[in-house]
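Hello,

The structure we talked about follows below. My notes on it come after.

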Amino acid sequence: MTPYPPPELSSPAPDLSASTSLAAVALLAPPGDDGGNVHDRSSREVLAARAAALVGVPLLSPLASPDAAGPDVLLIPRDTLVANDGMPTGAVRRDTLLGGLAPHRFVATKTITHGLLHPQAVRPHGWSMQMSERLGEAALEGYSAFSLEEATAAGRRLLERGPVRLKDVCAKAGLGQVVVTTPGDLVAALACQDQALISDCGIVIEQDLTDVETYSVGSVSLGTREISYIGDQQTTRDHRGRTVYGGSRLTCVQGGLERLGDLRLTPEQLTAIRCAAAFDDAACRSYPDLLLTRRNYDVIAGSDARGRRRVGVLEQSWRIGGASGAEMAALEAFGADPGLASVAAATVEVYGEATPPPGAVVYFSGVDPRVGPLTKYAVRRV
């Protein structure tokens, strides 16, 4: 199967000159939510302030619920919102959200990237059997499972064709993953997983690639402005020696994903864009209640165990994340000069002290009690 074809990768440039109807911007901070790491809270606060300045409206104090906002307040939640998950979301509209609203919690995780082992497999209420069919080859070979037995069977099947990667579907920044090469390793690795989490959220079992490149493909809408981008991710070492996310380098254009065809890209980059567009289309058709204004898709390119080059979507992010600082830098640049054909921007995360370059916007610089010294900034690249 081939990926569902996205729109042609070329179209007239959009008109972004219309004024916004937004009255204010506010972070969404539900009761009992500690906001996560200090550096993440700081990043969201800086991003919200810059969003308000770009749109030209006030920044309000954090709100506990969408119902607490006025009808024209842009809300920036920490995570993808989930309908019927204890927070009223009926007031959320496309033009008052920076992020995503999913109909079920599992829809916002890596789980939907793959299909189930067989039609009678354990699955949560609301699971779409059509998602994986619509994805086709836009994802790697793999399965999602909601029971230890099915995860084991799926892993054994994939091991016949090479090494297998197990992925915690709720983990972020590249953590919560392990590669296995033998059935014994598979059983041992699965025994270390949180069995209750597998039942509730699932686990991903997919082929492992070597000689990899990870592309970031996405789009974001803020008020009347929409940009899309393709870029790559950088990795770094945290204070525990783990390989983690270290930043993104993006090339951005005005408009939707189809506008990326105006850039001079390699065939592999174009394939990555088509895979991301296929995932986006499949998710929206399989889960029609999805509401998305921020999309980010990690697309991997690498060699499988048989030496074949493969390109496929690893996961989606429908919330503000590591690349959001670069997205905001591009939105600001296009806002200042709508005639720009493209903008290059980057986010950088350094585990330690660093001196950002001139013109950079610092999102955090200090000591996070959970992760240690950290410097995060965004900068427009020339």
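The second largest pocket draws three residues of its lining from H2, the largest share from any element. Please keep in mind that this is a predicted model.

The pocket

Helix H2 (130-135) and strand E5 (142-145) are the elements that each contribute two or more residues to the lining of the second largest pocket. The space in this pocket comes to about 350 Å³. Its lining has 17 residues, and those nearest the centre are Gly-136, Ala-139, Leu-140, Glu-141 and Gly-142. By type, the lining of the second largest pocket splits into six nonpolar, six polar and five charged residues.

Helix H1

Helix H1 covers residues 38-55, which is 18 residues; at 1.5 Å a residue it should span 26 Å, and its end C-alpha atoms are indeed 26 Å apart, so the two values agree. Buried residues in H1 include His-39, Ser-42, Ser-43, Arg-44, Leu-47 and Ala-48. Further along H1, Ala-51, Ala-52, Leu-54 and Val-55 are buried too. Gly-56 follows H1 and has a positive phi, near 85°.

The eight-stranded sheet

Eight strands form an open sheet with antiparallel pairing, in the order E14-E13-E9-E10-E11-E15-E17-E16. Strand E14 (309-317) and strand E16 (361-368) are its edges, each pairing on one side only. On average, and with direction ignored, neighbouring strands of this sheet are turned by 20° against each other. Within the sheet, strand E9 (residues 210-222) runs antiparallel to strand E10 (residues 225-237), and eight bridges join them. Tyr-215, for example, has Asp-232 in E10 as its bridge partner.

Regards

Notes:
Residues numbered from 1 in each chain as written. Predicted model: local features only at pLDDT ≥ 70, side-chain atom pairs only at ≥ 80, totals over all residues. Heavy atoms only, no water. 1 Å grid on protein atoms, 1.4 Å probe; cavity = no way out; pocket = protein on both sides within 12 Å on 5 of 7 lines; lining within 4 Å. Points joined across faces, edges and corners; volume = space filled by probe spheres on them. Helix = DSSP H or I, 4+ residues; strand = E, 2+ residues; numbered from the N terminus. Nonpolar A, V, L, I, M, F, W, Y, C, P; charged D, E, K, R; others polar. Expected span 1.5 Å × (residues − 1). Buried < 20%, exposed > 50% of the residue type's maximum accessible area, 1.4 Å probe, protein only. Pairing = 2+ DSSP bridges. Axes fitted to C-alpha atoms, helices over the stretch in contact; angles between N-to-C directions.
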